[in-house]
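Biologist: Please take a close look at the salt bridges in this model and at the parts of the chain around them. A connected account would suit me better than a list.

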Amino acid sequence: SGKRLSRFAVESYLLGFLWDHVLSYWRGSLEDPKHVLFMRYEEMKEEPCEQIKRLAEFLGCPFSEEEEECGSVDGILDLCSLRNLSSLEINKTGKLSDNTDNKDFFRKGEVGDWKNHLTPEMENKIDMIIQEKL
């Protein structure tokens, strides 16, 4: 729809700024990995336990052998799961100050699901932004 495309035009402009922001952290993680941790969604989906341990290590509070054996990592992953977070009342019924529903931030949590939500024109615009920024 026209309204959706107009909103996308504004969002893609803002996405350019988002890319600058993300790229600055990615570069920072390469230049100073002890102070900047860059985590990718795909990696978190592929190996969640390893990634949560990586995060804990980065924060200076690695899991002890006992914590790992008693299921602390799995417990944290469960608390932070899309299933759990999307089922919280605030995320089902709450709204942001601009009246956006909190539930709009939750989809399927699947890598590549964006293809079900973007038109080919939107996909091309994002590809152009990525080529420009990288």
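Modeller: This is a predicted model, and the structure holds six salt bridges. Side chains of opposite charge can pair when their charged atoms come close.

Start with R40, E42 and E43, which are linked in a network of salt bridges. Within that network, the side chains of R40 and E43 meet with N and O 3.4 Å apart. R40 has a relative accessibility of 38% and so counts as partly exposed. E43 is also partly exposed, because its relative accessible area is 24%, and the cut-off for buried is under 20%.

Another salt bridge joins K53 to E50, where the closest N and O atoms are 3.4 Å apart. Both residues belong to helix α3, which covers residues 48-58. They are three residues apart in α3, about one turn of the helix. K53 is partly exposed, since its relative accessibility is 23%. E50, with a relative accessible area of 44%, is partly exposed as well.

Helix α3 also has buried residues, namely Q51, I52 and A56. These cover an arc of only 140 degrees around the axis, so they lie on the same side of α3. Among the elements that cover them are α2 (41-46) and α5 (72-79). After α3 comes G60, which has a positive phi, near 85 degrees.

A further salt bridge is formed by the side chains of D78 and R83, with 2.2 Å from N to O. What is the exposure of each partner, D78 and R83? D78 counts as partly exposed because its relative accessibility is 40%. R83 has a relative accessible area of 53% and is therefore exposed, the cut-off for exposed being over 50%.

One residue outside this account of charged pairs is worth adding for its backbone. Most residues other than glycine have a negative phi. N99 is not a glycine, yet its phi is positive, near 75 degrees. N99 sits in the loop between α7 (89-93) and α8 (120-133). With a relative accessible area of 54%, N99 is exposed.

To put the pairs together: R40 and E43 meet in a salt bridge and belong to a network with E42. K53 and E50 pair inside α3, while D78 pairs with R83.

Technical notes: Residues are numbered from 1 along each chain as its sequence is written. This is a predicted model: local features need pLDDT of at least 70, side-chain atom pairs count only at pLDDT 80 or more; totals for chains, interfaces and linings use all residues. Side-chain values use heavy atoms; hydrogens and water are left out. A salt bridge is a side-chain nitrogen of Lys or Arg within 4 Å of a carboxyl oxygen of Asp or Glu. Buried means under 20% relative accessible area, exposed over 50%, partly exposed in between (1.4 Å probe, protein chains only). Helices (H or I, at least four residues) and strands (E, at least two) are DSSP runs, numbered from the N terminus. The arc is that of the directions from the helix axis to the C-beta atoms. Contact means heavy atoms within 4.5 Å.
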